[in-house]
Number of protein chains: 2
Amino acid sequence: MKLEGLSILGQGRVTAAGKSYAAINPATGLAIGPDYFWATTADVDAAAQLAAKAFVEFRRWSGQRRAGFINRIAELLEANAAAIVERVTLETGLAAARLQGELARTCFQLRLYGQAAASGLCASARIDHADPNRKPLAKPDLRSMMVPVGPVVVFGASNFPLAFSVAGGDTASAFAAGCPVIVKPHQGHLGTAELVGLLVQQAACECQAPEGIFSLLYGSGREVGIALVKHPLVKSVGFTGSRTGGRALMDAAAARPEPIPVYAEMGSINPVFFLAGVMNQKPEELAAGLHASVTLGVGQFCTNPGLIFVERGNGADVFLQKLETLIAATASGTMLTADLCAAYRSGVEKFSNFSGVKRQAQSKADLGAGNAQAGAALFVTDAETFLSNHHLRDEIFGPSTLVVQCRSRAQMLNAANQLEGQLTATIHGLPEELQANHELVEMLATKVGRLVFNSFPTGVEVAHAMTHGGPYPATSDGRSSSVGTRAVDRFLRPVSYQNFPDTALPAELQESNPLKIDRLVDGKLIL
Amino acid sequence: MKLEGLSILGQGRVTAAGKSYAAINPATGLAIGPDYFWATTADVDAAAQLAAKAFVEFRRWSGQRRAGFINRIAELLEANAAAIVERVTLETGLAAARLQGELARTCFQLRLYGQAAASGLCASARIDHADPNRKPLAKPDLRSMMVPVGPVVVFGASNFPLAFSVAGGDTASAFAAGCPVIVKPHQGHLGTAELVGLLVQQAACECQAPEGIFSLLYGSGREVGIALVKHPLVKSVGFTGSRTGGRALMDAAAARPEPIPVYAEMGSINPVFFLAGVMNQKPEELAAGLHASVTLGVGQFCTNPGLIFVERGNGADVFLQKLETLIAATASGTMLTADLCAAYRSGVEKFSNFSGVKRQAQSKADLGAGNAQAGAALFVTDAETFLSNHHLRDEIFGPSTLVVQCRSRAQMLNAANQLEGQLTATIHGLPEELQANHELVEMLATKVGRLVFNSFPTGVEVAHAMTHGGPYPATSDGRSSSVGTRAVDRFLRPVSYQNFPDTALPAELQESNPLKIDRLVDGKLIL
């Protein structure tokens with residue numbers, strides 16, 4: 001596939017016009033061709049109009065047919081894996097092995113969400129039969145199912161150039177729901193976005209999807225992104241990125257004449273609590289596990305553990321010593337972009353200058369040719385300092401973590417109680433310690449989307465039971481998950497049919513259950 | 001029960017202070033004792049603090065225990081039905097028979113939502129088992145369920161002083177979810193609110209609920225209401241009322257440092273489409289049915305059919321003639337408040353003055369002693385006028401409707417396409433006409449929460465398959481329903497547990513399924 005640096009508009013391309021921007025290799029700082037042309041306001045309108053038109057047809061597609069389209073995207077990604085991985089490596093500095101894994105995850109994700117559409121899981125069909133003899137009023141026949149909300153704008157994430165980008169989780173779940181998608185790709189992987197976008201375009205063509213089911217517009221978040229969110233034909237938004245960026249989209253969406261939902265996953269510091277019993281049993285093993293999680297992918301995961309609570313004691317001392325050694329010895333890594341690396345360095349500087357916070361260890365990294373090399377960092381403080389300085393709850397996106405030493409379990413509980421909404425919280429302990437700390441577990445359950453026991457938060461399983469979400473400010477909407485089949489539900493809404501003749505009902509709601517889907521019939525689940 | 005005119009704060013009452021306001025009988029315009037004291041900012045804070053404290057315990061209650069509390073409220077309502085109905089009649093002008101029905105509905109609703117909590121339906125438990133042998137990475141054990149979001153503020157509706165007020169649908173669904181409730185009652189039924197509030201307080205006491213699970217604060221929406229919505233410990237809002245009021249709450253909630261969801265049901269004009277075949281078959285019967293729906297409860301329902309589309313022809317002429325006769329002969333009725341009646345009269349005046357719109361019929365009503373007497377009104381226009389004047393899509397809350405005469409099916413479709421989001425749309429036709437008009441059906445399905453065939457939109461069944469919702473501006477959040485068991489879902493969010501020991505899991509997620517609830521296990525529903 002030849003890259004042209006042009007936005008994708010339905011089955012066509014946008015003509016080159018105006019300013020253009022280069023894709024940059026973060027390892028070298030050098031431009032990689034071609035240059036990319038930013039979309040205009042007219043392109044935004046054209047993509048939204050096309051998407052709204054496509055929606056009229058796409059929303060009628062059966063779950064089975066939506067799955068066919070989604071599966072075809074997965075097949076095309078697999079068929080072009082080598083070219084894709086090569087380009088992503090150049091644009092992001094991520095290792096080929098990691099990207100092969102991410103590509104496999106992306107395809108698994110597409111197929112799982114397709115299956116959720118095909119199986120009727122997401123339709124969530126309900127039937128309440130009529131009762132003409134009910135007193136005082138006859139009971140009508142009432143049937144409901146979930147239907148797609150309309151065109152969705154998806155913002156690609158920097159840190160998952162495949163799994164949370166053009167054909168990533170937000171796009172897969174919107175397609176599974178039956179919603180057309182307009183992608184605003186991240187500027188950190190412009191060529192990857194084009195490669196994958198062309199494959200989605202090809203899949204749409206092969207599956208005879210209505211034109212406009214997919215478009216991809218290059219541009220800045222502030223211009224093209226906000227224009228898309230404000231467009232009256234756009235009905236929902238998926239975003240993964242910074243809190244500043246996410247909140248800007250939330251505010252723009254809420255201020256529309258017709259407000260629309262924004263699903264923004266805005267990161268988290270993912271607190272980890274080490275209870276004393278397990279800490280005394282295997283401090284070095286826990287330090288090694290934590291170090292691997294903190295430095296995985298140069299720390300560029302939303303679930304990176306950036307805040308660690310330990311109870312003071314012998315175990316914690318050994319743990320800290322081991323962690324210090326490991327962090328100090330961590331190899332330098334290329335971050336996704338020079339901007340992210342600059343933000344990381346400035347975060348590390350900020351923490352270093354806080355009174356009461358000690359920079360316990362830092363691994364060497366010169367900036368490298370691309371100004372994007374980062375070393376790992378370890379900070380240590382006590383609970384009093386942590387509680388008195390709310391800046392210590394800020395995320396440093398990268399391979400850094402802060403250990404908070406607590407004098408008691410009560411102090412740990414108190415510190416936990418001050419935390420904002422998080423994607424995850426992790427507890428390491430002996431099983432009996434979990435019982436003894438049920439207050440901590442229950443309090444954390446009110447603050448997070450996912451509780452992890454005796455493992456680490458990085459590694460987000462794509463599964464039915466996954467919640468990748470959590471109360472604000474981890475996400476814009478704590479009622480949602482952006483990973484797993486619940487992600488599809490974000491782009492659905494219920495519609496009821498009252499007293500409709502069977503033949504005029506969608507297949508999901510017809511009495512004979514022709515699709516053989518699970519349904520809630522008169523209050524009972526019928527398989 | 002003796003009414004004191006005081007707000008309810010947990011198990012206590014707020015001391016009388018500051019301004020007080022009288023409850024008014026809309027039939028006579030006279031004050032009914034006692035006077036009601038508005039809550040202060042300090043009361044708002046106290047109620048929110050108490051609710052947040054209660055939440056720590058209430059969220060741990062089993063669904064069964066929540067159901068017990070909710071059922072006790074229903075029992076107490078039934079035991080005090082006579083006193084309640086007497087007071088509501090005085091305050092609202094609604095007939096005793098209607099209110100007895102509404103009380104029965106309120107109790108049915110409480111019990112149904114309690115059952116949804118007890119049966120595990122709303123927990124929506126999911127289990128994905130571990131697979132230690134999966135390559136390249138072991139698969140963790142992952143389990144998720146829905147948990148309550150936290151304290152909910154409920155705004156009582158004027159038009160359902162029982163079913164959508166203090167112990168109405170929003171309160172019932174928040175309690176079923178496990179959320180404490182703070183009610184801001186509507187000023188149209190202050191004494192009813194106190195009576196019902198005291199019963200909820202009593203049920204909470206009898207069921208040993210944590211104090212703060214329920215409070216009720218009198219005051220204006222702009223002051224007490226907005227202060228509640230802005231309070232940082234409040235996590236969600238339920239509202240039924242005007243678009244202006246709902247939007248003000250949405251904007252306040254979106255502008256918070258931590259934005260929270262608002263579920264505002266803001267009304268609708270509920271278009272009804274009469275297809276030619278059925279119209280020619282039984283025009284007089286259809287006119288009678290429509291008239292009953294338009295004038296039911298003096299037209300004070302969110303699902304009141306305010307906009308009617310007919311295809312020109314003999315049937316439509318007979319229909320219109322009959323409707324004109326019926327509207328002209330409609331008895332005058334007392335509206336809920338003098339303010340609502342004034343708004344109704346001004347809406348009727350506004351429509352009367354539009355060019356191209358004919359006031360075809362209006363029934364007599366002098367204002368009455370309470371300035372709250374309303375007659376019915378019928379307006380007629382053509383599709384061209386309707387399409388050229390967007391004010392004709394405004395709701396007139398009361399017993400009025402506008403008939404739009406269309407020259408063709410295409411014109412009807414075009415007019416339908418211009419509609420905003422609605423709670424309902426209704427189609428009258430022969431079954432074969434429904435097939436021939438599938439384009440109309442499918443387009444309406446994108447605009448409404450509920451499609452009705454050959455009946456009328458008033459009468460909202462409390463059922464699993466009900467959607468009482470719809471795209472903005474019918475509601476603030478088209479993904480939700482404020483009636484039926486889906487209403488409970490509004491106050492829930494998912495939480496996942498990864499690799500937790502079985503004994504540390506909530507009962508809903510334990511391997512042996514001790515609660516015997518339906519669960520999605522490894523992608524399959526298991527009963």
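Okay, helices H10 and H11 of chain B: residues 283–295 and 314–328, with axes that come within 8 Å and cross at roughly 40 degrees. Axes here are lines fitted to C-alpha atoms, for helices over the stretch in contact, and angles run from 0 to 180 degrees between N-to-C directions. That crossing makes H10(B) and H11(B) oblique to each other, since angles under 35 degrees count as roughly parallel, over 145 as roughly antiparallel, 65 to 115 as roughly perpendicular, and the rest as oblique. On the H10(B) side the contact includes B:Pro283, B:Leu286 and B:Leu290, and on the H11(B) side B:Val318, B:Phe319 and B:Leu323 are among the residues. Contact means that the C-beta atoms, placed from the backbone, lie within 7 Å. By class, this one has 10 nonpolar, 2 polar and 2 charged residues. For the classes, Ala, Val, Leu, Ile, Met, Phe, Trp, Tyr, Cys and Pro count as nonpolar, Asp, Glu, Lys and Arg as charged, and the others, Gly among them, as polar.

Some bookkeeping before I go on. This is a predicted model, where local features need pLDDT of at least 70, side-chain atom pairs count only at pLDDT 80 or more, and totals for chains, interfaces and linings use all residues. Residues are numbered from 1 along each chain as its sequence is written, and chains are lettered from A and ligands numbered from 1 in the order in which they are written. Helices (H or I, at least four residues) and strands (E, at least two) are DSSP runs, numbered from the N terminus.

Now, what does H11(B) lie across? Strands S13, S15, S17 and S18 of chain B, running at about 150 degrees to S17(B). Those strands belong to an open sheet of 12 strands with mixed pairing, in the order S23(A)-S22(A)-S5(A)-S6(A)-S21(A)-S20(B)-S19(B)-S12(B)-S13(B)-S18(B)-S17(B)-S15(B). S23 of chain A and S15 of chain B stand at the edges, each with a single partner strand, so one side of each has no neighbour in the sheet. On average, neighbouring strands are turned by 20 degrees against each other, direction ignored.

Where do the chains join in that order? S21(A) and S20(B) pair in the parallel sense over 3 bridges; strands pair if DSSP finds at least two bridges between them. A:Gln498 stands opposite B:Val452 in S20(B). Over in chain A, S5 and S6 run antiparallel, joined by 3 bridges, and A:Arg126 has A:Ser144 as its bridge partner in S6(A). Helix H16 of chain B, residues 438–445, lies across strands of both chains: S6 and S21 of chain A, plus S12, S19 and S20 of chain B.

On to the symmetry. A rotation of 180 degrees with 0.0 Å of shift along its axis superposes chain B on chain A, RMSD 0.0 Å, using least squares on the C-alpha atoms of residues with pLDDT of at least 70 in both. The two copies are thus related as by a two-fold rotation axis. In chain B, the C-alpha nearest that axis belongs to B:Ala254, 3.2 Å from it.

And the interface? The contact takes 58 residues from each of chain A and chain B. On the chain B side, S21(B) gives the most, with 6 residues, and the whole side divides into 30 nonpolar, 15 polar and 13 charged. 100% of chain B's interface residues are also interface residues in chain A, so the copies meet through the same surface.

Methods. Contact = placed C-beta atoms within 7 Å.
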